[in-house]
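This report describes the packing, pockets and selected residues of one protein chain. The sequence and the coordinates are shown first.

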Amino acid sequence: MPELDFRSPRLFVDARLSAGATVELDRNQSNYLGNVLRLAAGDTVLVFNGRDGEWQAGISGRKRADTLAITTQSRAQDRLPDITYAFAPLKHARLDYMVQKAVEMGAAKLVPVLTRFTQVSRVNGDRMRANVIEAAEQCGIISLAEVADPVSLDKFLTGRAPSRLLVFCDEAAEVASPVQALQTAAASGGIDVLIGPEGGFAEEERALLLRQPSILRLALGPRILRADTAAVAALALVQAALGDWRGA
């Protein structure tokens, strides 16, 4: 694992990055660098766009930070493990937390899934994407998780590739060792981790899920977890058993 620079501020920019390139800053980025981070012309930041790796950049501008001059690459672009985190949406603050933690845990795609007992039917995709970027900026992540549009459980299941392992976290499952269950699972085609709403899955939804190919029904221990806590627990188990934690 490359040594990370945790002291330098990091900024996501939606522009091509290469040596000698110049990136124009929008008003929000300029305000963030100048008024929040107290940086000025001549200071340096680390920038990334999710495609071209991480780069060092110098700040230019008179009264405020206007542009970034891209200098040298500090890290090459990496790839996230092929893990999709599918979840029943939560209310604002807890959804923000869950998105940020899923990004920190290395999920490559976030899919809001609407179930019978989902508490929230409308999802602010722009807010989710903003949380993805913020978590990546703060945690040294240079690959951005994709944010999908909300989809019904039926459509999510019919749209996924049958070769992908579906880790179905079910509070009604028999409590057994989740680590052992995951270690014996085949996940060469990618992994979908599904967490339901705090009201649980309806019986017809559970029956539909259990008919899916390549499914692993998993209990997350002997206690009932809140949905945002279950996200961290499930993704940690999957990463440790089948993901990129194994080589850490």
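## Surroundings of L110

In this predicted model, L110 is in contact with Y85, F87, V99, A102, M128, V132, A145, E146, V147 and A148, once neighbours within four places in sequence are set aside. Two of these partners, Y85 and M128, recur in the description of the core below.

## Nonpolar cores

The largest nonpolar core has 41 residues, and those touching the most other members are Y85, L95, L110, M128, V167, L182 and V193. Two or more residues come from each of the strands β6 (83-87), β10 (165-169), β11 (191-195) and β12 (215-218), and likewise from each of the helices α2 (92-104), α3 and α7 (227-241). Helix α7 provides the largest share of this core, with 7 residues. A second core, separate from the one just described, has 16 residues, including V13, L17, A21 and L33.

As a general background, nonpolar side chains in soluble globular proteins tend to be buried together.

## Overall organisation

The protein contains 7 helices and 12 strands. Along the principal axes, its C-alpha atoms fill a box of roughly 65 × 35 × 30 Å. Of its 248 residues, 46% count as buried. Among contacts between residues at least 6 apart in sequence, 74% join residues at least 24 apart.

## The second largest pocket

What is the volume of the second largest pocket? The value is about 410 Å³. Its lining consists of 17 residues, of which L11, Y32, I133, E134 and E137 are the closest to the centre.

Three elements, β1 (10-12), α1 (27-36) and α3 (125-139), each supply at least two residues of this lining. Helix α3 gives the most, with 5 residues. By residue class, the lining divides into 8 nonpolar, 5 polar and 4 charged residues. Helix α3 thus appears both in this lining and among the elements that contribute to the largest nonpolar core.

## Arginines in three settings

R7 lies in the segment before β1. With a relative accessible area of 84%, R7 is exposed, because this value is over the 50% cut-off. R7 and P89 are 82 residues apart along the chain, and their C-alpha atoms are separated by 34 Å.

R16 is found in the loop between β1 and β2 (22-24). Its relative accessible area of 69% makes R16 exposed. Beyond residues up to four places away in sequence, R16 touches A21, V23, N49, R51 and D52; one of these, A21, also belongs to the second core. From R16 to D26 the separation is 10 residues in sequence and 15 Å in space, C-alpha to C-alpha. R127, in contrast to a loop position, is placed in helix α3. R127 is partly exposed, with a relative accessible area of 34%. Apart from neighbours within four places in sequence, R127 is in contact with H92 and D96. The C-alpha atoms of R127 and D96 are 8.0 Å apart, although the two residues are 31 apart in sequence.

## Positive phi values outside glycine

R38 has a phi near 60°, a positive value in a residue other than glycine. The place of R38 is in the loop between α1 and β3 (44-48). R38 is exposed, with a relative accessible area of 66%.

S214 also has a positive phi, of about 55°, although it is not a glycine. This residue is in the loop between α6 (203-210) and β12. At 36% relative accessibility, S214 counts as partly exposed, because the value falls between the cut-offs of 20% and 50%.

## Cysteines

How many disulfides does the model contain? The count comes to 0, where a disulfide would require a pair of cysteine sulfur atoms within 2.5 Å. As for individual cysteines, C139 is partly exposed, with a relative accessible area of 30%. C169, by contrast, counts as buried at 7% relative accessibility, because this value is under the 20% cut-off.

Notes:
Residues numbered from 1 in each chain as written. Predicted model: local features only at pLDDT ≥ 70, side-chain atom pairs only at ≥ 80, totals over all residues. Heavy atoms only, no water. 1 Å grid on protein atoms, 1.4 Å probe; cavity = no way out; pocket = protein on both sides within 12 Å on 5 of 7 lines; lining within 4 Å. Points joined across faces, edges and corners; volume = space filled by probe spheres on them. Helix = DSSP H or I, 4+ residues; strand = E, 2+ residues; numbered from the N terminus. Nonpolar A, V, L, I, M, F, W, Y, C, P; charged D, E, K, R; others polar. Buried < 20%, exposed > 50% of the residue type's maximum accessible area, 1.4 Å probe, protein only. Core = buried A, V, L, I, M, F, W, Y, C linked by side-chain atoms within 4.5 Å. Contact = heavy atoms within 4.5 Å.
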